[in-house]
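Subject: Structure handover

Hi,

Here is the structure I promised to pass on. Please open it alongside this note, which goes through what turned up.

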Amino acid sequence: MTTPEKLKGEEDVEATLRPRMLSDFIGQSRIKEILKISIEATEKRNEALAHILFFGPPGLGKTTLAYIISRELDVSITTLSGPVIERPGDLAGILTKLDFKDTLFVDEVHRLKKTVEEYLYPAMEEFKIEVLLDQGPNARAVSLNLSPFTLIGATTRSGLLSSPFRSRFELTFRLDFYSPEELKEIILRSAKILAVSIDDESAVELSCRSRGTPRIANRLLKRVRDYAQVKGKGVITLEITKYALSQLNVDEQGLDEMDKRILNTIIDKYQGGPVGLGTIAASISEDPQTIEEIFEPYLLQLGFIKRTPRGREVTPLAYKYLGKKPLRNSDNQKSMF
């Protein structure tokens, strides 16, 4: 195992913190059990694993699980990003190089172009593709057989996948937010790998402010470690943890400055809503997709906002948490004229 002293940077640290096998992966128990059974069954039959789709908010382990599957199968993994694949032909060379039971991982699979999606249909179902040779009147299509492989797709927006494409994934998993207990276990495991001492109280505090997301838990742990080394004695204590998180503008619920800007904008500028996502994004100078994929899922989980046919609306829970008084219906109506 790589020691912290030999790590070159944040990317190396992040890679080291990722679990490598299903037995090391904390949380998502139902998904792990199904994957374990599926992998063992296909190994006994000497077949390629069924195509898999992982979806859910960022940072919950979609990419990590894809790499774990390839290790459990002891096969190679090829990684692509949906937006990078411009034309169906870009896939031909990649697909023909895959060996028996190899995995092809496509991140942001919802951003594949429709022509690329359709090119994948026979590859996923029959392990065949058609390649066009020559051009013009001499053009002809040649069917090529592929080695059986497993396509693993990951997306934060499964609703953008076409129905025909989604139906070709035999195993579809939604990754849920993690409980504080699971995040505490992840934090203690990561602290051990980073060779930093942390007590249970500090791990609990970090887990409660990590928005149910392992990626955020590990990020906060690394930042609190910095404060422990500079402001403390190298040990992460509860006092150091609370001080560091306050400096990082992460409150008791895990809300940061941008979360509060979104809530306050809806309340102060639009009387609590409903207001469209594009309007919110323009008001705080943020990309609508970033708000929808990064910030909104956790605010929805907390019950601080709700989606309505007319737009986003702040709930009484958010008013109470922010210490603000909701407008009465009559006041809200008057303020709109």
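Contact here means heavy atoms within 4.5 Å. Keep that cut-off in mind for the part on helix H3. Please also note that this is a predicted model.

**Overall**

The chain has 337 residues, and 44% of them count as buried. Its secondary structure comes to 15 helices and 11 strands. Take the contacts between residues at least 6 apart in sequence: 69% of them join residues at least 24 apart. The accessible surface is about 17700 Å². Carbon and sulfur atoms hold 49% of that surface.

**Helix H3 and what covers it**

H3 runs over 62–73. Its buried residues are Lys62, Thr64, Leu65, Ala66, Ile68, Ile69, Ser70 and Leu73. What covers them? The cover includes helix H2 (29–45), strand E1 (52–55), strand E2 (77–81), strand E3 (103–107) and E6. E6 is the strand at 150–155.

The length of H3 checks out. It has 12 residues, and at 1.5 Å a residue these should span 16 Å. The C-alpha atoms at the two ends are 17 Å apart, so the model agrees with the expected span. Just after the helix, Asp74 takes a positive phi of about 60 degrees.

Thr103 gives a view of this area from strand E3. Is Thr103 buried or exposed? Its relative accessibility is 0%, so it counts as buried. Leave aside neighbours within four places in sequence, and Thr103 is in contact with Ser70, Leu73, Val75, Ser76, Ile77, Thr78, Leu98, Thr150 and Ile152. Two of the names there, Ser70 and Leu73, are also among the buried residues of H3.

**Largest pocket**

The largest pocket holds about 570 Å³ of space. It is lined by 30 residues. Closest to its centre are Arg18, Gly59, Leu60, Gly61 and Arg215. Six elements are worth selecting in your viewer: helix H1 (10–17), helix H3, strand E6, helix H7 (180–193), helix H9 (214–231) and helix H13 (288–302) each give two or more residues to the lining. By type, the lining divides into 11 nonpolar, 10 polar and 9 charged residues.

**Second largest pocket**

This one holds about 400 Å³. Its lining has 21 residues. Arg211, Ile216, Arg219, Asp256 and Ile294 lie nearest its centre. Which elements give two or more residues to this lining? They are H9 and H13. Both elements are also on the list for the largest pocket. The lining here divides into 11 nonpolar, 3 polar and 7 charged residues.

**Cavity**

A search of the whole structure finds 1 cavity of 30 Å³ or more. Its volume is about 30 Å³. The lining residues are Ile262, Ile266, Ile280, Ile291, Phe295, Glu296, Leu299, Ile305 and Arg312. Helix H11 (257–270) and H13 each give two or more of them. H13 gives the largest share, with 4 residues. Of the lining, 7 residues are nonpolar, none is polar and 2 are charged.

**Backbone points to check**

Start with the loop between H11 and helix H12 (277–284), where Pro274 lies. A cis peptide bond joins Gly273 and Pro274, with omega at about 5 degrees. Gln271 lies in that loop too, between H11 and H12. Its phi is near 50 degrees, a positive value in a residue other than glycine. How accessible is Gln271? The relative accessibility is 21%, so Gln271 counts as partly exposed. The cut-off for buried is under 20%.

Then look at Asn46, in the loop between H2 and E1. Phi of Asn46 is near 55 degrees, again positive in a residue other than glycine. Asn46 is partly exposed, at 47% relative accessible area. Partly exposed ends at the other cut-off, since exposed means over 50%.

That is the list.

Best wishes

Terms used:
Residues numbered from 1 in each chain as written. Predicted model: local features only at pLDDT ≥ 70, side-chain atom pairs only at ≥ 80, totals over all residues. Heavy atoms only, no water. 1 Å grid on protein atoms, 1.4 Å probe; cavity = no way out; pocket = protein on both sides within 12 Å on 5 of 7 lines; lining within 4 Å. Points joined across faces, edges and corners; volume = space filled by probe spheres on them. Nonpolar A, V, L, I, M, F, W, Y, C, P; charged D, E, K, R; others polar. Expected span 1.5 Å × (residues − 1). Buried < 20%, exposed > 50% of the residue type's maximum accessible area, 1.4 Å probe, protein only. Areas by Shrake-Rupley, 256 points an atom, 1.4 Å probe, with all protein chains shown as cover.
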